Amino acid sequence: MKSKIIKVLLLSQSLFIWHSCADLDLFPLSETSTGTWFKDEQQFELSVNNLLKLGFWETDDEEWSDDYMRRQILTEVTSATVNSDWSFLPGAWLRRYKAIGRANTILFHIEGADLPQTSKNIFSGNAYFVRAAQYSYLIDHWGDVVHYTEPLDLEEAYEMGRTEKNIVLEAIYQDFDSAISKLPVSYSGKQYATKGAALAFKARIALHHQDWTVARDAAKECMDLGVYELYPDYGKLFESTTKNPKEVIFAMPASDEFGIVDKWPYRCRGALPRTVGGMANSYPTYELFCAYPCVDGLPIDESQLFNPREPFENRDPRLSETIVPFGEVHCGVVFHSHPDSTKVLNVETGKYINNTSALSVDRYAPFNGLLWKKGIDEFLWRNLRSETDVIMMRYADVLLMYAEAKIELNEIDQSVLDAINKVRARAYKVDFNQTSKYPPVITTNQAKLRKILRNERRIEFACEGLRYMDIIRWRLAEKVLNKPNYGLLPVNLLRERITSKGLWFFPEVPPIDEDWVADFGPMCEEGYYQILSQRQFDAPKQYLWPIPSTEIKICKNMEQNPGY
């Protein structure tokens with residue numbers, strides 16, 4: 001059935017692009033005549049399939065957050081150089097409005113179409129869902145945006161101005177509600193949006209805009225559908241062999257057989273060790289590494305279980321599923337970044353090879369000694385491309401959104417603790433009622449729960465594209481993005497100050513503040529680490545992106561965001 005779905009997706013993309021490129025893509029806000037299109041069920045189906053291609057569903061870049069670093073390179077976001085000419089902006093803006101324009105066109109034509117009512121509901125429900133999701137992205141990043149719900153011609157499009165974001169938010173809720181009323185709970189042989197997806201995405205946008213009651217109710221309704229559950233193995237959830245688990249609510253399918261894979265070599269190779277032909281230029285930050293509590297639930301600077309010489313021991317299991325532990329076989333080779341580990345075992349050949357993960361051997365080894373593990377499976381490292389489905393929404397997020405909304409409403413009851421503990425217990429591969437086998441959350445103090453919940457989100461969704469928007473909506477970006485990216489010392493100093501004194505991997509235990517953010521400044525001042533780059537964030541203006549300069553020039557009624 002998966003093969004059939006992917007064939008339809010490929011056919012729909014080629015047919016719809018051939019038909020529409022001349023009149024849908026000239027200007028993202030405009031829609032001209034569709035001619036003889038939208039006359040039968042197959043044409044509507046192909047058009048809806050086209051809305052569900054990956055290009056319309058990109059996630060925020062982890063590199064914009066404090067969890068991810070790439071050698072000494074900063075992005076426009078992390079260097080506070082975002083402006084209206086940022087090369088990323090026009091495409092991000094354009095893709096959202098392309099999807100919105102196509103959803104509008106489907107909705108415009110579907111009511112008068114001669115289709116079975118069931119098909120009408122599915123097609124229109126998906127169009128409402130896509131339109132709401134795309135507008136959600138727009139108001140999250142730009143605030144007030146151009147809002148329209150019917151096809152426009154070019155002249156009308158050029159006259160459009162921005163609509164206040166709260167008005168757009170209400171329209172988003174209405175679209176999600178329309179989708180919820182029309183979409184089924186599940187499909188037989190199709191991969192479209194479901195009722196649960198519409199509820200979950202509604203909860204997400206409400207949470208982002210502090211509409212706690214709406215977020216709580218939408219998340220709870222999604223939970224009450226009874227069709228989703230947490231996958232029992234956190235690490236395997238992100239492997240390409242795990243297809244359609246009950247935890248995944250909405251995802252973009254991938255298949256090597258039909259060419260729907262991530263073939264961008266830089267992205268696939270960036271996280272891979274150089275021992276297997278990777279570039280090893282993308283790593284988790286030390287701050288993320290330190291965010292994982294010990295198995296007693298305490299931060300590393302409070303727990304008696306934390307050993308800075310063996311920092312993976314006695315830690316939340318998600319750490320070792322997200323970041324490669326020292327001494328573990330990774331991509332067929334034992335991973336070590338210790339400068340004295342100049343040779344490592346290739347377990348497939350049984351031979352020792354040069355350890356290109358150590359700076360003493362390769363100058364481009366991981367600059368901070370860490371590597372990503374999450375989502376890197378055998379298919380990826382053997383083929384340098386990914387066949388893993390791109391997850392846009394999963395049940396763990398719904399549980400934590402429900403808990404966060406209830407915490408902010410100060411409606412703290414057992415259901416809040418249960419929601420958090422279900423996510424945490426899954427990491428330990430136990431039922432959440434087995435409280436002796438994992439550190440359950442038991443406090444009902446609002447301030448403490450808020451901090452726990454926020455860190456739980458960070459470690460649960462690391463490298464999934466959610467951290468950036470979380471630090472934006474929590475107004476933490478100005479704190480965490482105005483910190484340096486730290487890395488290992490040059491090899492001679494690393495040996496002199498660290499390894500010769502038995503201080504590998506952490507010379508000292510870094511202090512963890514009330515937001516579970518580690519401070520490596522003192523150790524850097526003592527000469528134990530070096531600053532690789534200095535992140536910067538320009539508050540408050542950078543909490544919104546600038547409207548692309550191209551749009552400002554074209555649309556006479558388009559006003560720029562403050563500060564740009």
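The legends below accompany close-up views of a predicted model.

**View 1. Helix H6 and the helices that its buried residues meet.**
Helix H6 covers residues 165–182, and its end C-alpha atoms lie 26 Å apart, which agrees with the 26 Å that its 18 residues should span at 1.5 Å a residue. The buried residues of H6 are Val168, Leu169, Ala171, Ile172, Tyr173, Asp175, Phe176, Ala179 and Ile180, and they pack against helix H4 (117–142), helix H7 (195–208) and helix H8 (212–224). An α-helix has 3.6 residues a turn, so residues three or four places apart point the same way. At the start of H6, the backbone nitrogen of asparagine 166 has a side-chain oxygen of glutamate 164 within 3.0 Å. Glutamate 170 also belongs to H6, but with a relative accessible area of 42% this residue is partly exposed. Between the C-alpha atoms of glutamate 170 and alanine 206 the separation is 9.9 Å, although their positions lie 36 residues apart along the chain when counted from one to the other.

**View 2. Helices H4 and H7, with the residues that follow them.**
For H4, the 26 residues should span 38 Å at 1.5 Å a residue, and the end C-alpha atoms, 37 Å apart, agree with that expectation. Because 23 of the 26 residues of H4 are buried, this helix is largely enclosed by the rest of the structure. Glycine 143 follows H4 and has a positive phi, near 80°. In H7, the 14 residues should span 20 Å at 1.5 Å a residue, and the end C-alpha atoms are 20 Å apart, in agreement. H7 is mostly covered, with 14 of its 14 residues buried, and just after this helix glutamine 210 takes a positive phi of about 55°.

**View 3. Arginine 467 and arginine 473 in helix H16.**
Helix H16 comprises residues 467–473, and arginine 467 is found in it. Arginine 467 has a relative accessible area of 7% and is therefore buried. When neighbours within four places in sequence are left aside, arginine 467 is in contact with Glu62, Ser65, Asp66, Asp67, Arg458, Trp474 and Val480. The side chain of arginine 473 forms a salt bridge with that of glutamate 404, at 2.8 Å from N to O. This pair links distant parts of the chain, with arginine 473 in helix H16 and glutamate 404 in helix H13 (residues 395–408), 69 residues apart. Arginine 473 and glutamate 404 are both buried.

**View 4. Salt bridges of arginine 318 and lysine 373.**
A search of the whole structure finds 45 salt bridges. One of them joins the side chains of lysine 373 and glutamate 328, at 2.9 Å from N to O. Lysine 373 lies in the loop between strand S7 (351–354) and helix H12 (378–383), whereas glutamate 328 lies in the loop between helix H11 (317–322) and strand S4 (329–330), so the pair ties together parts that are 45 residues apart in sequence. Lysine 373 is buried at a relative accessible area of 18%, while glutamate 328, at 24%, counts as partly exposed. The side chains of arginine 318 and aspartate 316 also meet in a salt bridge, at 2.9 Å from N to O, and both of these residues are buried.

**View 5. Backbone geometry in four loops.**
Most residues other than glycine have a negative phi, and most peptide bonds are trans. The peptide bond from tryptophan 504 to phenylalanine 505 is cis, with omega near 10°, and phenylalanine 505 sits in the loop between helix H18 (491–497) and helix H19 (521–525). Alanine 539 and proline 540 are likewise joined by a cis peptide bond, with omega about 0°; proline 540 lies in the loop between strand S10 (530–534) and helix H20 (549–554). Phenylalanine 38 has a positive phi of about 60° although it is not a glycine, and its place is in the loop between helix H1 (2–24) and helix H2 (41–51), where it is buried with a relative accessible area of 6%. Cysteine 463 has a positive phi near 65°, lies in the loop between helix H15 (446–460) and H16, and counts as partly exposed at 31% relative accessibility.

Terms used: Residues numbered from 1 in each chain as written. Predicted model: local features only at pLDDT ≥ 70, side-chain atom pairs only at ≥ 80, totals over all residues. Heavy atoms only, no water. Helix = DSSP H or I, 4+ residues; strand = E, 2+ residues; numbered from the N terminus. Expected span 1.5 Å × (residues − 1). Buried < 20%, exposed > 50% of the residue type's maximum accessible area, 1.4 Å probe, protein only. Contact = heavy atoms within 4.5 Å. Polar contact = N/O pair within 3.5 Å; in protein donor to acceptor, adjacent residues only side chain to side chain. Salt bridge = Lys/Arg side-chain N within 4 Å of Asp/Glu carboxyl O.
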